[in-house]
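Student: I would like to work through this structure step by step. Can we start with the whole chain and then turn to its parts?

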Amino acid sequence: MLIACKYEEIWAPEVNDFIHISENAYAREQILQMEKAILGKLEWYLTVPTPYVFLVRYIKAATPSNNQEMENMTFFFAELGLMNYKTTISYCPSMLAASSVYAARSTLNKTPLWTQTLQHHSGYSEDQLMECAKQLVSYHLGAAESKLKAIYRKFSSPDRGAVAFFPPARNLLPPTTTDAASSS
């Protein structure tokens with residue numbers, strides 16, 4: 001309980017509070033020793049990084065001013081990626097986040113597609129992101145017909161800018177898909 005409170009709460013209870021709750025069943029030293037033993041067994045790994053932490057940073061680097069459309073589009077791609085097993089096992093969270101920004105910038109026709117600032121903050125070059133970004137755009141292309149529609153519905157709503165309705169980034173689609181889309 002002490003570890004969970006320290007991790008989650010802004011104003012975590014003190015050890016003395018837990019001594020009181022347990023009606024003095026444990027001494028302060030016993031509680032602290034057990035906390036240390038539990039954290040040692042966990043090797044201090046309390047959480048794993050998720051794309052969200054990286055997304056927040058990369059979005060700020062991508063758009064110096066608050067750009068809700070860019071933010072919504074980036075989160076749309078990130079969530080599409082997280083829903084696909086192939087993406088989650090193939091790419092680390094920072095790569096998925098950076099590729100989501102790249103795919104969003106491509107979809108929204110931002111130029112340049114990848115800036116020095118984004119490369120600096122993410123540590124990824126445009127070439128490194130290409131494969132993952134193409135995969136994310138292919139998920140966008142098939143989102144409306146997918147069996148898993150929650151993300152598509154979420155980002156089709158006006159409060160999310162209806163970004164799911166935007167046409168997929170043509171520059172990241174395979175040539176046959178782009179050709180078929182332009183002839184119809």
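The questions below go from the overall chain to one helix and then to some loops.

Student: How many helices and how many strands does the protein chain have?
Tutor: The model is a predicted one. From the N terminus on, every element in the run α-α-α-α-α-α-α-α-α-α-α is written α. The count for the protein chain is therefore 11 helices and zero strands.

Student: What is the radius of gyration of the protein chain, set against that of a compact globule?
Tutor: The C-alpha atoms fill a box of roughly 75 × 35 × 30 Å along the principal axes. For 184 residues, a compact globule would come near 16 Å. The radius of gyration of the protein chain is 22 Å.

Student: What percentage of residues 49-169 is helix?
Tutor: UniProt, in an unreviewed entry, places the feature "domain: Cyclin C-terminal" at residues 49-169. Over this stretch the end C-alpha atoms are 28 Å apart and strand accounts for 0%. Helix accounts for 64%.

Student: What span should helix α9 have, and how far apart are its end C-alpha atoms?
Tutor: Helix α9 covers residues 126-142, which is 17 residues. The rise is 1.5 Å a residue, and the expected span uses one less than the number of residues, so α9 should span 24 Å. The end C-alpha atoms agree with this, being apart by 24 Å.

Student: Where is the kink in α9 centred?
Tutor: The kink in α9 is about 35°. The residue at its centre is among the buried residues of the helix, which also include L129, A133 and L136. The kink is centred on C132.

Student: Which helices are included in what covers the buried residues of α9?
Tutor: The buried residues of α9 are L129, C132, A133, Q135, L136, V137, Y139 and H140. In an α-helix there are 3.6 residues a turn, so residues three or four places apart point the same way. The cover over the buried residues of α9 includes α5 (68-82), α6 (85-90) and α7 (93-107).

Student: Which peptide bond is cis, with omega near -10°?
Tutor: One of its residues, P112, is found in the loop between α7 and α8 (116-122). The cis bond runs from T111 to P112.

Student: Is W44 buried or exposed?
Tutor: W44 lies in the loop between α3 and α4 (51-62), and its phi is near 65°, a positive value in a residue other than glycine. Its relative accessibility is 57%. Because the cut-off for exposed is over 50%, W44 counts as exposed.

Terms used: Residues numbered from 1 in each chain as written. Predicted model: local features only at pLDDT ≥ 70, side-chain atom pairs only at ≥ 80, totals over all residues. Heavy atoms only, no water. Helix = DSSP H or I, 4+ residues; strand = E, 2+ residues; numbered from the N terminus. Bend = angle between axes of the 7 residues up to and from the residue. Buried < 20%, exposed > 50% of the residue type's maximum accessible area, 1.4 Å probe, protein only. Contact = heavy atoms within 4.5 Å. UniProt positions renumbered as here; feature names shortened; annotations may be inferred. Rg over C-alpha atoms; globule rule 2.2 N^0.38 Å.
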